[in-house]
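Hi,

Here is the structure I said I would pass on. Have a look at it, and then read my notes underneath.

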Amino acid sequence: MTRMTNASEPRLVSVVIPAWNAARSLSRAIDSVLAQTWERREVIVVDDGSTDNSLALLAGYGEQLRVVSQANGGPSSARNRGLREARGQYVAFLDADDHWLPEKLERQVALLEARPDLGFCSTSTTVVDTRGEPVRDWPCCNTAEPLLVTLFMHSSAVSGSTSGVLVRRQLLLEAGGFDEHLRGFEDPDLWIRLAARRVMPAFRMC
């Protein structure tokens with residue numbers, strides 16, 4: 001059966017959280033998603049072969065999230081598995097040791113809805129210590145260079161890395177997701193490939 005989508009229905013955001021032995025911080029990450037002011041979302045946690053009590057912790061959330069388990073394959077593999085499970089028009093990735101402010105998704109969805117020429121966007125980031133105390137700001141990298149040059153030359157141009165990005169799912173699928181052969185630099189590699197998919201500007205650092 002095919003379900004028709006109401007054009008006026010708010011966009012669904014699929015939030016993908018890869019988790020490997022992340023029980024210490026996982027609840028904080030999940031709770032920050034559930035506290036988002038953008039309510040039309042699905043939360044997909046990919047347990048990447050954890051050996052701690054992550055699965056027991058996840059069970060406590062019941063139907064508030066969808067848990068997918070796989071043998072340990074690394075963060076790129078886990079993120080790609082979450083992408084394959086995603087149903088939303090937009091996809092956001094959140095590392096298990098990061099968390100979001102409440103309006104993060106709402107503000108990013110508003111930007112992408114207003115700018116159909118943008119394929120994805122990111123946010124500025126506050127880096128905190130283990131006690132949650134601010135250590136430094138990680139601002140967006142705004143330069144006069146062409147977009148692809150900026151992303152290629154500045155590996156930290158996308159503030160917050162994967163945890164800061166909201167991307168159109170179709171663009172992400174066309175780009176092939178994360179390169180699972182890379183062991184490092186896999187997120188800047190993806191941003192470069194996403195930006196190269198379009199002639200129009202594909203990215204905004206907000």
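First, a term: on a 1 Å grid over the protein atoms alone, a pocket is an open set of points where a 1.4 Å probe fits, with protein on both sides within 12 Å along at least five of seven lines, and lining residues have an atom within 4 Å of a point. Keep in mind that this is a predicted model, where local features need pLDDT of at least 70, side-chain atom pairs count only at pLDDT 80 or more, and totals for chains, interfaces and linings use all residues. Residues are numbered from 1 along each chain as its sequence is written, and side-chain values use heavy atoms, with hydrogens and water left out.

Now the overall picture. The protein has seven helices and nine strands (DSSP runs numbered from the N terminus: H or I of at least four residues for helices, E of at least two for strands). Of its 206 residues, 47% are buried (under 20% relative accessible area with a 1.4 Å probe, protein chains only; exposed is over 50%, partly exposed in between). If you take contacts (heavy atoms within 4.5 Å) between residues at least 6 apart in sequence, 69% of them join residues at least 24 apart.

On to the second largest pocket. Its space comes to about 180 Å³ (the volume filled by probe spheres set on the grid points, which are joined across faces, edges and corners). The lining is made up of Pro-18, Ala-19, Trp-20, Asp-48, Asn-72, Gly-74, Pro-75, Ala-78, Arg-79, Asp-95, Ala-96 and Asp-97. Two elements, β1 (13-19) and α3 (75-85), give two or more residues to that lining, and α3 gives the most, with three. By class there are six nonpolar residues (Ala, Val, Leu, Ile, Met, Phe, Trp, Tyr, Cys and Pro count here), four charged (Asp, Glu, Lys and Arg) and two polar (the others, Gly among them).

Helix α3 is worth following further. Buried in α3 are Ser-76, Ser-77, Ala-78, Arg-79, Asn-80, Gly-82 and Leu-83. These buried residues pack against β1, β2, β3 (66-70), β4 (90-93), α6 (169-175) and α7 (186-195).

Next, salt bridges (a side-chain nitrogen of Lys or Arg within 4 Å of a carboxyl oxygen of Asp or Glu): the whole structure has eight. Which residue does Arg-66 form a salt bridge with? The partner is Glu-85, with the closest N and O atoms 3.2 Å apart. That pair links distant parts of the chain, since Arg-66 is in strand β3 and Glu-85 in helix α3, 19 residues apart. Glu-85 also forms a salt bridge with Arg-81, at 3.5 Å between the closest N and O atoms. Arg-81 and Glu-85 are about one helical turn apart because four residues separate them in α3.

In α7, Asp-189 and Arg-193 meet in a salt bridge at 3.0 Å, N to O. Asp-189 counts as buried at 18% relative accessibility, whereas Arg-193, at 25%, is partly exposed. Beyond four places in sequence, Arg-193 touches Ala-175, Gly-176, Gly-177, Phe-178 and Asp-179.

One last residue: Asp-47, in strand β2 (residues 41-48). Asp-47 is buried yet has no salt bridge, and Arg-81, the nearest side chain of opposite charge (Lys and Arg count as positive, Asp and Glu as negative; His and the chain ends are not counted), is 9.9 Å away. Apart from residues up to four places away in sequence, Asp-47 touches Ala-19, Ser-54, Leu-55, Val-68, Ser-69 and Gln-70.

Cheers
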